[in-house]
Amino acid sequence: PEEDTPGDAARLGTAAHYLVERCLQEGKLPETFEGRILEILNEGEANEGCSILRPNAKWPDDPMRLVFDIDDDMIEATTAMVSYVADRCVELGLSKKSRSMKVKMASVAGLVAADKVRLETRTNLFPFRDDTGGTADVTIDAAPGLIEIVDYKHGSGIYVPSHENPQLRTYGMGVAQTATDSYIEDDWDVDYDMVRMTIVQPRHHEAPEGGVSFEELSMAEMIQWRDEVLLPAVQAVEHTRMLVDAYEDEMGSPLSYNDLMDFLFQEGQLCMNNKDHKCWFCEGHMDFPAAHQFVAELAAADFADEPIDIEVDDEMSERVVRAMHWTPFIETWLKQIAKLAKAEAMKGVEVPDHKLIRKTTHLKWRDEEGDEDAIILALTEKFEIDREKVVKTGLLTPTQALDLIKKEGDPDA
């Protein structure tokens with residue numbers, strides 16, 4: 001199958017997230033919506049949302065509408081997510097045991113209404129900052145013993161581990177703090193014993209059985225991580241912002257995006273993220289100086305030089321392993337570079353040593369044309385081509401047929 005672009009994958013994830021939310025809110029299994037069309041509305045705007053079209057709705061003719069088929073793949077993946085939530089509610093004593101998943105899903109809908117299961121919860125551990133917030137897909141509140149966030153990942157390209165995941169820990173700490181503050185307002189002093197942070201990523205081959213992985217920490221451990229890891233990171237970002245503000249004051253004008261990247265790189269404030277895969281998702285990494293340097297170092301080449309042949313010997317095992325780990329990043333980086341160059345060439349900008357060429361197409365006979373005898377009859381009678389030429393080495397392909405028709409005297413074919 002053709003590989004999804006980052007934009008396509010993100011949109012598919014948005015659609016799947018909406019299906020999960022809809023099912024948990026209404027207490028339905030994803031199979032309820034089998035064959036329906038799901039549409040993303042107002043993409044990128046403040047009022048972005050989704051809608052599931054009525055049963056038997058026709059596929060929209062407008063190519064600009066963002067629509068997805070709720071197919072077997074989406075149903076299977078989202079069922080893993082909603083089933084996990086339903087089963088966890090039973091395990092935590094929030095729902096009664098039942099052999100029927102439909103019964104358990106109905107209980108989840110009741111817990112959503114009672115605010116014990118929360119959907120799409122906005123959280124920010126440091127409300128005074130604009131870079132520490134996010135949305136927890138599902139929060140299961142089993143106060144005072146435990147609070148759990150469940151993050152759904154629909155992607156199959158990059159596996160996202162739950163262990164020592166800083167984003168997940170930030171969300172977990174944030175929802176615990178928000179819930180605690182809410183209980184205090186209601187004159188109920190709650191201190192959670194444990195925080196569980198779960199990822200459900202059923203479509204990835206590296207995920208555990210069922211696609212579920214989790215990390216569970218005591219509240220004391222969460223506080224220690226916040227103070228020893230997260231706060232220093234926040235302070236480092238604040239330091240970087242101060243550097244940029246001071247430099248822009250000195251220059252007398254705001255920095256452009258490219259100048260900003262170069263300045264931060266030269267100041268040692270930007271580097272490749274070697275611990276996890278966040279750099280792989282960055283749409284700006286194609287013009288990010290650290291990415292250029294990283295790829296050049298990995299290939300032992302300088303992009304200012306002519307291309308070279310890379311020799312691999314027995315002593316390069318460590319470097320080869322390191323390179324293999326970053327293969328997805330480099331492939332994405334190269335695709336983004338090619339995409340940018342093509343876009344510039346399409347606008348008429350000259351790309352040195354390269355030119356646009358017409359894309360090669362591979363014609364096939366349509367199903368209704370697939371009757372070999374009918375094709376031979378049409379070519380021999382309508383276009384008066386000798387049968388021997390038509391079937392000399394097997395039936396002609398459409399491209400060969402067109403070439404032969406033109407050669408035989410119909411240049412407009």
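**Notebook: rings, sheets and salt bridges**

I began with Phe263, which I found to be buried, its relative accessible area of 11% falling under the 20% limit. I note at the outset that I am working with a predicted model.

I then looked for aromatic pairs and found that the structure holds one. Its members are Tyr247 and Phe263, whose rings are stacked, with 4.3 Å from centre to centre and 15° between the planes. I traced the two residues along the chain and saw that the pair links distant parts of it, Tyr247 belonging to helix α5 (residues 219-251) and Phe263 to helix α6 (residues 257-266), 16 residues apart. Is Tyr247 buried or exposed? I have to enter Tyr247 as partly exposed, since its relative accessible area is 27%, whereas its partner Phe263 is buried.

While on the subject of rings, I also checked Phe214, and I noted that the charged end of Arg196 sits over its ring, 3.7 Å from the centre.

**Strands β1 to β3**

I turned next to strand β1, which covers residues 37-41, and asked why it counts as largely enclosed by the rest of the structure. The reason I wrote down is that four of its five residues are buried. For its pairing, I followed β1 to strand β3 (residues 66-69), with which it runs antiparallel over four bridges, and I recorded Phe68 of β3 as the bridge partner of Leu38. I then followed β1 to strand β2 (residues 49-52), where the pairing is again antiparallel and again involves four bridges; here the bridge partner of Leu41 is Gly49.

**The five-stranded sheet**

I read the strand order of the open sheet as β4-β5-β6-β7-β8, five strands with mixed pairing. At its edges I found β4 (117-124) and β8 (212-218), each of which pairs on one side only. With direction ignored, I noted an average turn of 30° between neighbouring strands of this sheet.

Within the sheet I looked at strand β5 (residues 133-142) and strand β6 (residues 146-152), which run antiparallel and are joined by five bridges. In this pairing I marked Asp141 as standing opposite Ile147 of β6.

Which helices pack on this sheet was my next entry. I noted that α5 touches β7 and β8, its direction making about 90° with that of β8. Helix α2 (residues 72-91), for its part, lies across β4, β5, β6, β7 (194-200) and β8, and I recorded its direction as about 175° to that of β6.

**Salt bridges**

How many salt bridges are there? I entered a count of 14, and I looked up three of them individually.

The side chains of Glu148 and Arg88 meet at 2.8 Å, N to O. I noted that this salt bridge links distant parts of the chain, with Glu148 in strand β6 and Arg88 in helix α2, 60 residues apart, and that both residues are buried.

For Arg22 and Glu26, I recorded a salt bridge of 2.5 Å, N to O. These two residues are separated by about one helical turn, because they stand four residues apart in helix α1 (residues 6-26). Glu26 went down as partly exposed, at 34% relative accessibility, and I added that Arg22, Glu26 and Lys28 are linked in a network of salt bridges.

My last entry concerns Asp151 and Lys153, whose side chains form a salt bridge of 3.0 Å, N to O; at 8% relative accessibility, I entered Asp151 as buried.

How values were computed. Residues are numbered from 1 along each chain as its sequence is written. This is a predicted model: local features need pLDDT of at least 70, side-chain atom pairs count only at pLDDT 80 or more; totals for chains, interfaces and linings use all residues. Side-chain values use heavy atoms; hydrogens and water are left out. Buried means under 20% relative accessible area, exposed over 50%, partly exposed in between (1.4 Å probe, protein chains only). Two strands pair if DSSP finds at least two bridges between them. Rings of Phe, Tyr and Trp (its six-membered ring) pair if their centres lie within 6.5 Å; planes under 30 degrees apart count as stacked, over 60 as edge-to-face and the rest as tilted. A charge sits over a ring if NZ of Lys or CZ of Arg is within 6 Å of the ring centre and within 35 degrees of the ring normal. Axes are lines fitted to C-alpha atoms, for helices over the stretch in contact, and angles run from 0 to 180 degrees between N-to-C directions. Contact means heavy atoms within 4.5 Å. A salt bridge is a side-chain nitrogen of Lys or Arg within 4 Å of a carboxyl oxygen of Asp or Glu.
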